[in-house]
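The following report walks through selected residues, one helix and one pocket of a protein chain. Please keep the sequence and the structure at hand while reading.

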Amino acid sequence: MTTPPDIERRVVVGAAILDREPPGARVLVVQRGAPPQLAGLWEFPGGKVEPGETEAEALVRECREELGLTLVVGERIGGDARTVDGTMTLRVYLASVESGELALSEHVASAWLDASRLGSVPWIPTDLPVVDALRRLLR
């Protein structure tokens, strides 16, 4: 069975939110509580791009809603990846916090990870290629 073309074009964006302050470069990651097949896995925060939004606008909106943070969105990292269910394309962008205080509304936990700790959490498989690219960047 093939995925309908209108679903294939749906894009999900993620933010690799960097903190480059001492003690060293780290990235913010969040743990999912739902759906059941993804509960307990870690990912880059973000969400679906809505009609009429750019990918950067979607990231800013999603992270404000889900994390209480306003972001400055930078360049993409990694290539396109299919989501676990194969219906959407994930694109991850580097970002930094412009303002706000971290307050989770959609996730059960968060962590700031440096390059040596990126492998310490179970990742959503879709994010793994970006994790590898990010590990090289954080070193």
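## Arg26 and its partners

Arg26 has its place in strand S2, in what is a predicted model. Because its relative accessible area is 25%, Arg26 is classed as partly exposed, the buried class being reserved for values under 20%. The side chain of Arg26 makes a polar contact of 2.5 Å with the side chain of Asp19, and Asp19 also appears among the residues that Arg26 touches once those up to four places away in sequence are set aside, together with Ile17, Leu18, Trp112, Leu113, Asp114 and Leu138.

Sequence separation can also go with spatial separation, as a second pair shows. Arg26 and Ala56 stand 30 residues apart in sequence, and their C-alpha atoms are 21 Å apart in space.

## Ile17 in strand S1

One of the residues touched by Arg26 is Ile17, which is found in strand S1. Ile17 is buried, because its relative accessible area is 0%. Not counting residues up to four places away in sequence, Ile17 touches Arg26, Val27 and Leu28, then Pro45, Cys63, Leu67 and Leu71, and further along the chain Ala95, Ser96, Val97 and Trp112. With Trp112, which lies 95 residues away along the chain, the C-alpha separation from Ile17 is 9.3 Å.

## Gln31 and the cis peptide bond

Strand S2 also holds Gln31, which counts as buried because its relative accessible area is 19%, the cut-off for that class being under 20%. The side chain of Gln31 reaches the backbone oxygen of Gly40 at a distance of 3.0 Å. Apart from residues up to four places away in sequence, Gln31 touches Gly40, Leu41 and Trp42 on the one hand, and His107, Val108 and Ala109 on the other.

In the loop between S2 and S3 lies Pro35, and the peptide bond that joins Ala34 to Pro35 is cis, with an omega of about -10°. Most peptide bonds, by contrast, are trans.

## Glu43, buried with polar partners

Glu43 belongs to strand S3, which spans residues 42-43. Its relative accessibility is 11%, and therefore Glu43 counts as buried. What do the side chains of Glu43 and His107 share? They are joined by a polar contact of 3.0 Å, and a polar contact of 3.4 Å joins the side chain of Glu43 to that of Arg32.

Leaving aside neighbours within four places in sequence, the contacts of Glu43 comprise Val29, Val30, Arg32, His107, Trp123, Ile124 and Asp127.

## The largest pocket

Glu43 is also one of the residues that lie nearest the centre of the largest pocket, along with Val12, Arg32, Leu38 and Ile124, within a lining of 28 residues. Strand S1 (11-19), strand S4 (46-48) and helix H2 (55-67) are the elements that give two or more residues to this lining. The pocket contains about 620 Å³ of space, and its lining is made up of 11 nonpolar, nine polar and eight charged residues.

## Met88 in a loop

Met88 is placed in the loop between S5 and S6. At a relative accessibility of 13%, Met88 is counted as buried, since that class takes in values under 20%. Beyond residues up to four places away in sequence, Met88 touches Arg10, Val12, Lys48, Ala81, Arg82 and Thr83. Lys48 lies 40 residues from Met88 along the chain, and the C-alpha atoms of the two are separated by 8.9 Å.

## The two sides of helix H3

Helix H3 runs over residues 128-138, and its buried residues are Val130, Val131, Ala133, Leu134 and Leu138. These buried residues lie on the same side of H3, because they cover an arc of only 165° around the axis. In general, an α-helix has 3.6 residues a turn, so residues three or four places apart point the same way.

Which residues are exposed on the other side of H3? Pro129 and Arg136 are exposed there. The buried residues of H3 are covered by elements that include S1, strand S2 (26-32), strand S5 (69-82), strand S6 (89-100) and strand S7 (107-113). Leu138, which is among the buried residues of H3, is also one of the residues touched by Arg26.

Technical notes
Residues numbered from 1 in each chain as written. Predicted model: local features only at pLDDT ≥ 70, side-chain atom pairs only at ≥ 80, totals over all residues. Heavy atoms only, no water. Helix = DSSP H or I, 4+ residues; strand = E, 2+ residues; numbered from the N terminus. Buried < 20%, exposed > 50% of the residue type's maximum accessible area, 1.4 Å probe, protein only. Polar contact = N/O pair within 3.5 Å; in protein donor to acceptor, adjacent residues only side chain to side chain. Contact = heavy atoms within 4.5 Å. 1 Å grid on protein atoms, 1.4 Å probe; cavity = no way out; pocket = protein on both sides within 12 Å on 5 of 7 lines; lining within 4 Å. Points joined across faces, edges and corners; volume = space filled by probe spheres on them. Nonpolar A, V, L, I, M, F, W, Y, C, P; charged D, E, K, R; others polar. Arc of directions from axis to C-beta.
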